[in-house]
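This report goes through one protein chain, from exposed loop positions to strands, ring pairs and cores. The sequence and the structure come first.

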Amino acid sequence: MGVSSNLMVIKEKVKKSCEKVNRDPEEITIIAVTKYSTVERAKEVIDAGIRDLGENRDQEFINKYNALGSKPIWHFIGTLQTRKVKNIIDKVDYIHSLDRIALAQEIDKRATRQIPCFVQVNVSNEDSKHGLAVDEVIPFIEQLKEYSNIQIIGLMTMAPNTEDKQLIRNCFRGLKQLQQQIQKKKWQHATCTELSMGMSNDYDIAIEEGATIIRIGTALVGRNE
Ligand SMILES: *Cc1c(COP(=O)(O)O)cnc(C)c1O
């Protein structure tokens, strides 16, 4: 399917989810995750009117960036090795996967401007997932105060890979509750206004639970196209 027609289907579903919970669809940013796709396909995404692109591997991100330039808004959404930070830091607009102090230190050291970051949280506590446990997040963010090039604009999570919609919902709800606790702190370095949650199979639930950014790969861009 073409990206444009996929996008129409997704926007309709976003609208329905928003209506259910009285939200404005304008509050939701769609990131097109192009990690399974060619540069050509990523161009199609941009032509369809999407400004936000997400990649999860440093090398593939750099390939796409070199081909498409700095006009798209680039989101780094995958696990980031500390030693790779220097290769991507001048090219990314957002990092969604901040999950340890060593990484924060390196971002702070290499960045020549403030980098808006999301703290990745493993709400469902699966061994296979990256991210901090829920009870580690507030102490972690508190420590980030001293890194002046890091701005915590939100939290990111991935829901468990399950058919059980209630489990998925609980995961997103847990992230929202954590966000509210952080916002109460009124930390200048961590406004934490954004929730990056929801992928192809669960973005409707994520929106109902407060997502402001959804990251859609398969349903929007497809795979290996
Ligand atoms: C791959 C990926 C997505 C998109 O996944 P789909 O199920 O294809 O929509 C979203 N977020 C992250 C972190 C990913 O790695």
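## Loop positions and packing in a predicted model

Lys186 is exposed, with a relative accessible area of 71%. The structure is a predicted model, and every value below is computed from it. Lys186 belongs to the loop between helix 7 and strand 7 (194–196). Its phi is near 55 degrees, a positive value in a residue other than glycine.

Asn22 can be described in the same terms. Its phi is near 60 degrees, again positive in a residue other than glycine. Asn22 sits in the loop between helix 1 (3–20) and strand 1. With a relative accessible area of 76%, Asn22 is exposed, because the cut-off for that class is over 50%.

**Strand 1 and its partners**

The loop that holds Asn22 leads to strand 1. Of the 5 residues in strand 1 (residues 29–33), 4 are buried. Which strands pair with strand 1, and in what sense? Strand 8 (residues 213–216) pairs with strand 1 in the parallel sense over 4 bridges, and Ile31 stands opposite Arg215 of strand 8. Strand 2 (residues 52–55) also pairs with strand 1 in the parallel sense, over 2 bridges. There, Ala32 has Leu53 as its bridge partner. Strand 1, helix 2 (residues 39–47) and strand 2 together make a β-α-β unit, and the unit is right-handed.

**Aromatic pairs**

How many aromatic pairs does a search of the whole structure find? The search finds 4. One of them joins Phe61 and Trp74: the ring centres are 5.5 Å apart and the planes stand at 70 degrees, so the pair is edge-to-face. Phe61 lies in helix 3 (residues 58–68) and Trp74 in strand 3 (residues 73–76), so this pair ties together parts that are 13 residues apart in sequence.

A further pair joins Phe61 and Phe76, with ring centres 6.1 Å apart and planes at 80 degrees; it is therefore edge-to-face as well. The Phe61–Phe76 pair links helix 3 to strand 3 across 15 residues. Ring pairs join Phe61, Tyr65, Trp74 and Phe76 into a cluster.

Three members of the cluster are listed here with their accessibility.

| Residue | Relative accessible area | Class |
|---|---|---|
| Phe61 | 0% | buried |
| Trp74 | 0% | buried |
| Phe76 | 1% | buried |

Phe76 is also touched by Asp58, a residue of helix 3. Is Asp58 buried or exposed? Its relative accessible area is 15%, so Asp58 counts as buried, the limit being under 20%. Not counting residues up to four places away in sequence, Asp58 touches Phe76, Lys84 and Ile88.

A ring and a charge meet elsewhere in the chain: the charged end of Arg223 sits over the ring of Tyr36, 4.0 Å from its centre.

**Helix 5 and the cores**

The buried residues of helix 5 (residues 101–110) are Leu103, Ala104, Glu106, Ile107 and Asp108. What do they pack against? Their partners are helix 4 (85–88), strand 4 (94–98), strand 5 (115–120) and strand 6 (150–156).

The largest nonpolar core has 65 residues, and Leu98, Ile141, Leu155 and Leu220 are those with the most contacts inside it. Helix 7 (residues 165–184) gives the largest share of this core, 6 residues. A second, separate core has 7 residues, including Ile31, Val33, Phe118 and Ile153. Ile31 is the residue that stands opposite Arg215 in strand 8.

**Ile182 in helix 7**

Ile182 is found in helix 7. Its relative accessibility is 0%, so Ile182 counts as buried. Leaving aside neighbours within four places in sequence, Ile182 is in contact with Val137, Ile138, Ile141, Leu155, Trp187, Ala190 and Cys192. Ile141 and Leu155 appear again here, having been named among the residues with the most contacts inside the largest core. By contrast with these contacts, Ile182 and Ile89 are 26 Å apart in space, C-alpha to C-alpha, and 93 residues apart in sequence.

Methods:
Residues numbered from 1 in each chain as written. Predicted model: local features only at pLDDT ≥ 70, side-chain atom pairs only at ≥ 80, totals over all residues. Heavy atoms only, no water. Buried < 20%, exposed > 50% of the residue type's maximum accessible area, 1.4 Å probe, protein only. Pairing = 2+ DSSP bridges. Right-handed = clockwise from strand over helix to strand, strands pointing away. Phe/Tyr/Trp six-rings, centres within 6.5 Å; stacked < 30°, edge-to-face > 60°. Lys NZ or Arg CZ within 6 Å of the ring centre and 35° of its normal. Contact = heavy atoms within 4.5 Å. Core = buried A, V, L, I, M, F, W, Y, C linked by side-chain atoms within 4.5 Å.
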